[in-house]
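Colleague: Got a minute to go through this one with me? Put it up and start wherever you like.

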Amino acid sequence: MEVKYKKTKGLTDSPLSYCPGCTHGIIHKLVAEVLEELGVLGESIVIASVGCSVFSYRFFNCDAVQSAHGRACAVATGIKRNLPDHVVFTYQGDGDLASIGIAETIHAANRGENITVIFVNNAIYGMTGGQMAPTSLIGQKTTTSPMGRMAEVHGSPLHISEIFSQIDRVAYLERVSVFNPRQVRNAKNAIRKAFTYQVEKRGFTMVEVLSSCPVNWGMTPVDSLKWIEEKMVPVFPLKVFKDKGVENNV
Amino acid sequence: MGKILMKGNEAIARAAMLGGLEAFFGYPITPQNEVPEYLSRYLLEEGKVFVQAESEVAAINMVYGAAAAGFRTMTSSSSPGIALKQEGITYLCGSELPCVISSVMRGGPGLGSIQPSQSDYNQATRGGGNGDYHVIVFGPETIQETIDILKEAFDIADYYRNPVMVLVDGLIGQMMESVDLTKPVKKRFLPEKDYAANGTKNHPGERHIINSLYLESNELEHHNLSLKKKYDLATANETRVELINMNDPDYVIVAFGTMARVCRSAIEKLAEKNIRVGMIRPISLWPFPSSVFETMDAPHLKGILCVEMNLGMMLTDVLVANNGRHSVGFFGRAGGVVPDPDEVVDAILHFNERVVK
């Protein structure tokens with residue numbers, strides 16, 4: 001009998017700790033498949049951040065370093081500068097990357113650290129129980145913005161990819177999502193390109209993935225996917241912000 | 001090679017290289033700037049890693065990454081900068097990663113001053129990070145001793161898989177002394193770094209995970225107890241102290257680093273007045289050399305004077321170590337003031353006014 005589909009070798013057998021309907025699992029699978037397809041699992045090191053993905057060191061089938069909240073890109077810098085031929089990537093949420101870790105992330109990008117950042121944006125602090133994130137939408141109700149996010153009080157959603165698109169040493173930057181099968185395929189292509197560029201030593205690569213949080217959004221998994229498409233995408237448009245490979249080919 | 005004249009901060013940098021430094025991460029702060037400045041040239045020349053980080057927080061976390069990958073790594077800073085590194089230090093301890101930290105103290109609190117001080121004794125020996133952990137801390141007295149300790153510091157860090165801090169003040173950082181870089185240091189057996197997260201291709205069939213997270217209470221307690229065993233071993237094996245003039249003293253001074261230098265002069269001046277004063281000079285500040293207080297044979301001792309360039313920090317360790325046996329007094333200057341030997345002489349002459357307990 002021919003096997004048509006099987007679990008990627010890029011993931012361990014450890015059960016995922018994510019809530020039902022959360023799209024972290026899909027994103028994990030895409031990253032793991034890409035690492036397997038590129039044949040780089042043996043030289044990969046994942047930096048797990050603090051947040052829902054804190055246990056990603058259990059899930060990716062490669063060496064792993066768990067880092068302090070927000071410091072993943074600094075930790076990745078310390079590793080990659082010493083192991084320049086290895087594949088080093090961080091997996092960070094919006095609280096970790098866009099709030100407490102924005103300095104570490106933006107400076108790693110500006111130095112052109114040859115690492116890949118998987119930035120999972122679900123517009124909320126999931127692990128701690130649904131507090132407002134820098135990427136929460138205007139009007140979005142969270143446990144720390146119970147009347148809804150108000151621009152005049154809380155500021156507006158922070159557009160990380162737009163900000164990072166201004167940085168010279170960023171080699172590849174795309175915002176994708178996983179709310180339907182087509183978007184999942186697009187996301188995988190973006191992740192593959194980011195890791196390929198890292199292997200080719202082109203510089204800093206980041207893929208922002210709009211992701212769901214049914215439990216803390218108070219929605220069903222299906223409604224959550226609709227909310228990404230209808231509410232998040234207009235605020236965080238899906239596009240390639242930077243592709244030095246294409247620029248160099250022109 | 002014979003002796004050469006070298007500035008303290010540059011000696012720190014060169015000694016770290018001689019100790020096997022492979023990757024340095026730092027952020028500018030006075031009075032330690034010559035450390036990264038020196039390494040930004042000479043470490044890179046050797047094809048090793050130097051990164052000026054965006055902050056002290058980032059620098060210590062870069063150290064965490066380099067140590068996780070199995071490299072000999074170091075950061076350097078001064079008081080407010082070391083404050084920022086506390087987060088990374090507790091993670092290094094929790095994940096059992098070795099590194100060397102050089103701390104060149106200035107006056108505090110807050111932005112304080114850039115003058116030499118010892119007011120980070122508590123910061124170094126107690127730390128400001130969360131959890132049950134210790135950093136092995138040495139407080140050398142001369143540039144030569146700073147060099148000798150730094151050359152050995154990476155071995156000690158690797159042996160215990162724990163950060164080692166070399167604590168000096170801005171005076172030692174900024175002064176020049178003639179030094180010998182070639183003095184041999186103790187060699188110890190170091191196991192392979194079989195924990196390094198350097199890709200499973202280097203250790204097939206086994207994933208290496210660097211982590212300090214233990215959500216189950218029993219698992220974390222088990223981890224805490226295993227760390228404690230390590231700290232007990234360090235206490236037994238790494239405690240260092242110099243005993244000076246301890247033959248039947250009238251008084252004993254306890255001082256470290258720059259303050260011990262000043263006290264040496266004071267002791268000579270007091271000898272001219274026929275007052276016999278010995279000195280306990282802790283070289284390791286954690287572990288603190290408590291046992292010498294127990295074994296001290298001083299039948300005519302009138303008191304122990306703790307002398308510091310702060311308002312009484314090591315004093316706590318002295319009081320605990322003394323355990324009520326003798327009268328303990330304190331003399332200190334703060335804010336970046338380096339006391340004159342005559343002030344120490346005066347403190348001994350008027351010991352009764354200095355008694356704390």
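**A bent helix and a chain contact**

Modeller: Start with α4(B): it bends by about 45° at B:Lys85. Bear in mind that this is a predicted model.

Colleague: How far apart are the end C-alpha atoms of α4(B)?

Modeller: They are 22 Å apart. At 1.5 Å a residue, 16 residues should span 22 Å, so the two agree.

Colleague: Is B:Lys85 buried or exposed?

Modeller: B:Lys85 is buried. Others in α4(B) are too, including B:Glu87, B:Tyr91 and B:Leu92. Twelve of the 16 residues are buried, so the helix is largely enclosed by the rest of the structure.

Colleague: What covers the buried residues of α4(B)?

Modeller: Elements of chain B, among them α3, β4 (73–77), β5 (99–105), α5 (121–125) and β7 (163–169).

Colleague: And just after the helix?

Modeller: B:Glu96 takes a positive phi there, about 55°.

Colleague: Switching to the contact. How many residues does each chain put in?

Modeller: Chain B gives 33 residues and chain A gives 28 residues. On the chain B side, β2 (23–26), β3 (49–52), α3 (56–68), α4 (79–94) and β9 (209–210) each give two or more.

Colleague: Which element has the largest share of that side?

Modeller: α3(B), with eight residues. By class, the chain B side has 18 nonpolar, ten polar and five charged residues.

Colleague: Where does β9(B) come in, strand-wise?

Modeller: β9(B) runs parallel to strand β2 (residues 63–66) of chain A, joined by two bridges.

Colleague: Which residue is the bridge partner of A:Ala64?

Modeller: B:Ile209, in β9(B).

How values were computed:
Residues numbered from 1 in each chain as written. Chains lettered and ligands numbered in written order. Predicted model: local features only at pLDDT ≥ 70, side-chain atom pairs only at ≥ 80, totals over all residues. Contact = placed C-beta atoms within 7 Å. Helix = DSSP H or I, 4+ residues; strand = E, 2+ residues; numbered from the N terminus. Nonpolar A, V, L, I, M, F, W, Y, C, P; charged D, E, K, R; others polar. Pairing = 2+ DSSP bridges. Expected span 1.5 Å × (residues − 1). Bend = angle between axes of the 7 residues up to and from the residue. Buried ≥ 20, exposed ≤ 12 C-beta atoms within 10 Å, placed from the backbone.
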